[in-house]
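This report covers a protein and DNA assembly. It is meant to be read with the coordinates open.

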There are 2 protein chains.
Amino acid sequence: MAKTLKDIAEKLNLSISTVSCALKDGPKVVSPAVRKRVRKTALEMGYRPNRIARSLATGRTRTVGVVPMYVDEDTLLHPYLQLALNGIFNAANKLKQDVLVYTAQDHNRPETVTDDLLDSRSDGFIFISPRADSLAIKSVAESGLPYAVLFETSGGQSFTVDSRAGVFRALEHLVELGHRRIAHITGDLTLSDGRLRRDAFLEFMEEHRLPVPAVTLIEGNFTRESGYLAGAVFLKLCPMPTAVFCSNDDIALGLMDALTRSGVRCPEDVSIVGFDGVLPPGSSVPPLTTMRQPAQLMAAEALRSVVKNIEAGIEIESRVFQPEFIVRGSTASIPLEGIV
Amino acid sequence: MAKTLKDIAEKLNLSISTVSCALKDGPKVVSPAVRKRVRKTALEMGYRPNRIARSLATGRTRTVGVVPMYVDEDTLLHPYLQLALNGIFNAANKLKQDVLVYTAQDHNRPETVTDDLLDSRSDGFIFISPRADSLAIKSVAESGLPYAVLFETSGGQSFTVDSRAGVFRALEHLVELGHRRIAHITGDLTLSDGRLRRDAFLEFMEEHRLPVPAVTLIEGNFTRESGYLAGAVFLKLCPMPTAVFCSNDDIALGLMDALTRSGVRCPEDVSIVGFDGVLPPGSSVPPLTTMRQPAQLMAAEALRSVVKNIEAGIEIESRVFQPEFIVRGSTASIPLEGIV
DNA sequence: ATGAAAGCGCTAACAT
DNA sequence: ATGTTAGCGCTTTCAT
């Protein structure tokens, strides 16, 4: 059986509270002699404080909950999430916080999700790429527990990348290479990043007086499949754009795959730019030119903010992070026949 | 404030225990009428059971702890672990279990690791690729809590791949391609997979009367760096082996990198085989021929076994899984000059 | 069928 | 400086 404070107290003929305080320099002062004795026998008896009991008494768990974006299964296989989680765990370790990942979301019965979150096992939350109408966020917000939102501007204090700046930088790169017919495959437009990147795209094009025929604005949803499907649409365009700005890397890889299979070469025939920079360079041939968002840092900052709120009541403030442009092999000067 | 059983009880003029039982068909029977009333008001009041309190009362947390192999930081960036964790989370979700990942290991003070594990927050454990002398395993074993060991044969009931079968299959492939001078870069020999694969390599070579000069048995440690360094050693060998069997994929990629940089082509000049199959095919050029171990399945089975033990007292039994050979582009027939 | 009460192991205010 | 005690919110045995 696990040893308890009571066991130590009885053995030493002390009160439980004295033992408790002796072990942790508790609220009341304990004489050095006693403290020493207590610690010694605690060690000898192999005593380990019961965190469950402590949490019940203090109302704190030292645990922050992480709610990933919803997918049916294989949640942890998304490079996106993996980076974010790694950043969160790294930061949590330093702050002596535990992390509980809530992958068990059943969107057929959203109320169960909420129940899980509110059963007092986490002191605060980080929501990753939540839907705008997330019931989970709503309940957590109502409960008064602190939380931050990662990779999405709606729903609460958010930790996001400067999509607009990123899009502008990427498009400037393409324009510098001589591209004028630039298509865009959007992300999920119900997500803020999807909308912001599309809007920035349109704004840039407008500003540079570059035409955007409706057919060159293809709706995707941040998945590789949607990029692949967009490829089919793209191939029918005439004249074919010489460059495509994709709302994220997955889309870009799907597109690249579709184009390659049809004999369209990247970057010789068409330049492709992604966004997020979550994939290792070797994930595609040619390696993808992309805007890297500092996912790990953003995730770590979200965690720190939540913990600061829990521990010191400091308000959580939204932050926007600057992306970093990474030029690799998927972009090049426009093909000769593109120069009219 | 969060509502409690007491709140409901007072509102309804019932006892706490009646409310408790009404909500969960508890040990004692409650009249349908009361049960209905209780559930209705619980819903209205937004009552959520407090899992911490329940855990303290029942002594069960419905949580299994996962202890990854030790690395200083960025634990969750290892493809290895990511696959295993994903398998564990998938299986845990189905069994309504939570998963707590213990990345916060400070090997300078191993006793703190142990303390963390034994603070009653997990009902059982899965250790991933632990060291043979793992203090953490020892304490968990002593505490009597159930646990399984993943990817390592020592330390307890283990869930491992059939390394010997895998090595034999891989080497047969090389021999069929005409290779006779086959080198081996070992994994970490303090880990069972490292030893088993090396031993199987030696056994196969002996059986096929293929010479193994000491210099062609290069010690690595499962990291990409060790593969890269082994490359330098390898390049000095004369005659150079025509094939290398690497103890895992990381080593193989490091080696491939080193060779490519020196102008040695794979697979034209030298064939390379990896092991584990955790990396996406695009991770290298050419894509790596490897023995895939069913990491997700193994991890899921480990979790199920631990949970079965917790819930039904069923003994955890070691299992050995069959790997699957995946032939990709890094192996080919021996180069002409290799045929003497 | 329902209520009362003990207890899970710990914290912390209050007493001595 | 140390002991006593009342919780934290729930489960569960024992009364009624």
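The text below treats the two chains, the DNA strands, the domains of one chain, and then a sheet and a loop residue.

**Relation of the chains.** The model is predicted. Chain B superposes on chain A by a rotation of 180 degrees with 0.0 Å of shift along the axis, at an RMSD of 0.1 Å. The two copies are thus related as by a two-fold rotation axis. In the interface, 35 residues of chain B are in contact with 35 residues of chain A. On the side of chain B that touches chain A, H4, helix H5 (79–94) and strand S2 (98–101) of chain B each supply at least two residues. H5(B) gives the largest share of that side of chain B, six residues. The side of chain B that touches chain A has 14 nonpolar, 13 polar and eight charged residues. Of the interface residues of chain B, 100% are also interface residues in chain A, so the copies meet through the same surface.

**DNA strands.** The table lists the nearest residues and the class counts for the surface near each strand.

| DNA strand | Residues around the strand | Residues that come nearest | Classes |
|---|---|---|---|
| DNA strand C | 29 residues | A:Thr4, A:Ser17, A:Ala53, B:Ser17 and B:Ser31 | 15 nonpolar, ten polar and four charged residues |
| DNA strand D | 29 residues | A:Ser15, A:Ser17, A:Ser31, B:Thr4 and B:Ser17 | 15 nonpolar, ten polar and four charged residues |

Both chains take part at DNA strand C: helix H2 (16–24) and helix H4 (51–58) of chain A, and helix H2 (16–24) and helix H4 (51–58) of chain B, each supply at least two residues of the surface near this strand. The largest share of the surface near DNA strand C, five residues, is that of H4(A). Around DNA strand D, 29 residues are found, with A:Ser15 and B:Thr4 among the nearest. Two or more residues of the surface near DNA strand D come from each of H2 and H4 of chain A and H2 and H4 of chain B.

**Domains of chain A.** Chain A is divided into domain 1 (5–49), domain 2 (63–161 + 295–322) and domain 3 (163–293 + 325–338). Between domain 2 and domain 3 of chain A, the C-alpha centres lie 30 Å apart. Their contact takes 15 residues from domain 2 of chain A and ten residues from domain 3 of chain A. On the domain 2 side, helix H5 (79–94) and helix H12 (295–312) of chain A are the elements that give two or more residues. H5(A) gives the most to this side, with three residues. By class, the side of domain 2 of chain A that touches domain 3 of chain A has nine nonpolar, four polar and two charged residues.

**A sheet in chain B.** Six strands of chain B form an open sheet in the order S7-S6-S8-S9-S10-S12, with mixed pairing. Its edge strands, strand S7 (217–218) and strand S12 (324–326) of chain B, each pair on one side only. Within the sheet, strand S6 (residues 182–185) and strand S8 (residues 243–246) of chain B run parallel and are joined by four bridges. B:Ile185 stands opposite B:Cys246 in S8(B).

**A loop residue.** B:Ala132 lies in the loop between strand S3 (124–128) and helix H7 (135–143) of chain B. Is B:Ala132 buried or exposed? B:Ala132 is exposed, because 12 other C-beta atoms lie within 10 Å. Beyond its neighbours within four places in sequence, B:Ala132 is in contact with B:Ser154, B:Gly155 and B:Thr190. B:Ala132 and B:Thr153 are 21 residues apart in sequence, with a C-alpha to C-alpha distance of 8.9 Å.

Terms used:
Residues numbered from 1 in each chain as written. Chains lettered and ligands numbered in written order. Predicted model: local features only at pLDDT ≥ 70, side-chain atom pairs only at ≥ 80, totals over all residues. Near = placed C-beta within 6 Å. Nonpolar A, V, L, I, M, F, W, Y, C, P; charged D, E, K, R; others polar. Contact = placed C-beta atoms within 7 Å. Buried ≥ 20, exposed ≤ 12 C-beta atoms within 10 Å, placed from the backbone. Least-squares fit on C-alpha atoms with pLDDT ≥ 70 in both. Pairing = 2+ DSSP bridges. Domains from an automatic or database assignment.
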